Amino acid sequence: MNFLSYPSRGLCPLHLKTVLTGLLGLAFSLACLNTAQAQAANTPPAKHHQHAGKKAKKKTSAPEARKHRTPKAAAAPGASLSLSQNPEVSVWAKDAAQRLQLDPDWVQKTIQHAHHLPLVEKLVLPATSPVAKDWGAYRARFIEPVRIQAGLQFWRKHRAALEKAEREYGVPAAIIVGIIGVETLYGQNTGNFRVVDALGTLAFHFPQAHPRAAERQSFFRSELEQFLLLTSRSGADPLAIRGSYAGALGLPQFMPSSWAKFAVDFDGDGRIDLFGSPADAIGSVANYFKAFGWRPGMPTHYPVTLSPGQTDMDTLMAPDILPTFSVASFVAKGAALEGAALGHTGPLALIELRNGPTAPSYVAGTENFYAITRYNWSSYYAMAVIELAEAVRREVLSKP
Ligand SMILES: [Ca+2]
């Protein structure tokens, strides 16, 4: 859907992510979502997703990149209507309260204060005039000095939590730093839409022009319910919490369902706070990756060389980003590997990154590359996370 986060071919286009830019440091704190409660687009964003399974879509956050799209609009969402003017809403509220065992008056009162935001409807639609995918342009948004330096500071400040997460979950500190950097510039852009408005709009007024409107509307209705459950249990004011236009929350931009399933109390204070606790965000990102099959020690990708006319591109590209081919099969189809890649034991995918009018770039993606796309279903997103991670890691090593 839009310009910065390109969906992979044929894959889920809805990404939820944040759209704002320039809106710094929202100090909203989801006051204590208890650990006890514990139980994800794109176009760029959707985030944190929901289910597992290899081709299952999931998404999670939308990269903070998208925020550059409509800064002013995001700051002042513009025209809005009371969500409760839609008669379907009060019927749903009554039913949801019963199903979720929530106080019906609290649910009705909350939803009566929610607004239908036409701007949010626009933001989830694919761009009307698609821009040619350009990895170089996408990359430049994230692999740049300001973000790399912010990543260095974040790493230094939260080194203990990052090392603990790496130890306990097997996910490299650099990858966690890459995710939080791409998502929210280390907490500087966590979104300025009231989550109840964003989710309420997408749950009841999802634009029917979207190719997967029914499915997405159902997804957002479920996310709204998860959001109400989280806030009800924690005692947080659902009307005070802000996030992306798609309802993604906090430093890692978790959707409510991902918060419920994967967020952890990593600083040990007895509550989960993805807004105010970088340690909780770090542990939660690592836990998310572990849940989605991160393999400790495995590289995310290898270089690959394709020989024009001698490579079976149709077969290699058919599974898209899903790792499918053994090294022997990959090489036999004309995708040449070298060095450590030849000793890789798991399946590989041929990842294509388009470069506007010039020839695409390719890499051989492993299961760990795929795991990153479970956070945001886009190979461009995954490669940006990987490259930011590496750039920050180099800074850390050079300036210990
Ligand atoms: Ca905590």
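Ala93 lies in helix H2 (residues 87-100), where helices (H or I, at least four residues) and strands (E, at least two) are DSSP runs numbered from the N terminus. The model is a predicted one, in which local features need pLDDT of at least 70, side-chain atom pairs count only at pLDDT 80 or more, and totals for chains, interfaces and linings use all residues. Residues are numbered from 1 along each chain as its sequence is written. Ala93 is classed as buried because 23 other C-beta atoms lie within 10 Å; a residue is buried if 20 or more other C-beta atoms lie within 10 Å of its own, exposed if 12 or fewer, and partly exposed in between, with C-beta atoms placed from the backbone. Leaving out residues up to four places away in sequence, Ala93 touches Val107, Gln108 and Ile111, two residues being in contact if their C-beta atoms, placed from the backbone, lie within 7 Å.

The C-alpha atoms of Ala93 and Gln112 are 9.9 Å apart, with a sequence separation of 19 residues. Gln112 belongs to helix H3 (residues 104-112). Gln112 has 14 other C-beta atoms within 10 Å and is therefore partly exposed. Outside its neighbours within four places in sequence, Gln112 is in contact with Ser82 and Ser84. For Gln112 and Ser82, which are 30 residues apart in sequence, the C-alpha to C-alpha distance is 6.8 Å.

Over the protein chain, the secondary structure comes to 16 helices and 11 strands. Of its 400 residues, 53% count as buried. The largest nonpolar core has 105 residues; such a core is a set of buried Ala, Val, Leu, Ile, Met, Phe, Trp, Tyr and Cys residues joined through C-beta atoms within 7 Å. Ile176, Val177, Ile282, Ala384 and Val385 have the most contacts inside this core. Helix H16 (residues 379-398) gives the most to the core, with 11 residues. The core lies between domain 1 (33-291) and domain 2 (301-365), because both give residues to it; the domain bounds come from an automatic or database domain assignment.

Two packed helices are described by the angle between their axes and the distance between the axes. H8 and H16 pack at an angle of about 115°, and their axes are 8 Å apart. Axes are lines fitted to C-alpha atoms, for helices over the stretch in contact, and angles run from 0 to 180 degrees between N-to-C directions. The crossing of H8 past H16 is right-handed; a crossing is left-handed if the near helix is turned anticlockwise from the far one by less than a right angle, and right-handed if clockwise. On the H8 side the contact is formed by Ala174, Ile175, Val177, Gly178, Ile179, Gly181 and Val182, which meet Ala384, Val385, Ile386, Leu388, Ala389, Glu390, Val392 and Arg393 in H16. By class, this contact of H8 with H16 has 11 nonpolar, two polar and two charged residues. Ala, Val, Leu, Ile, Met, Phe, Trp, Tyr, Cys and Pro count as nonpolar, Asp, Glu, Lys and Arg as charged, and the others, Gly among them, as polar.

Residues up to four places away in sequence aside, Val177 touches Gly151, Phe154, Trp155, Leu162, Ala389 and Val392. Leu152 is in helix H6 (residues 145-157). Leu152 counts as partly exposed because it has 19 C-beta neighbours inside 10 Å. With the same sequence exclusion, Leu152 touches Val392, Glu395, Val396 and Lys399. The C-alpha atoms of Leu152 and Arg393 are separated by 7.8 Å, although the residues are 241 apart along the chain.

In the second helix pair, the axes of H9 (residues 195-204) and H10 (residues 213-234) come within 7 Å and cross at roughly 145°. H9 passes H10 in a left-handed crossing. Val195, Val196, Leu199, Gly200, Leu202 and Ala203 in H9 meet Gln217, Phe220, Arg221, Glu223, Leu224 and Phe227 in H10. Eight nonpolar, two polar and two charged residues make up the contact of H9 with H10.

Most residues other than glycine have a negative phi, and most peptide bonds are trans. Tyr186, not a glycine, has a positive phi of about 60°. Tyr186 is found in the loop between helix H8 (173-184) and strand S4 (193-194), and is buried, with 21 other C-beta atoms within 10 Å. Gln253 also has a positive phi, near 55°. Gln253 is placed in the loop between strand S5 (242-243) and helix H11 (256-262) and is buried, with 38 other C-beta atoms within 10 Å.
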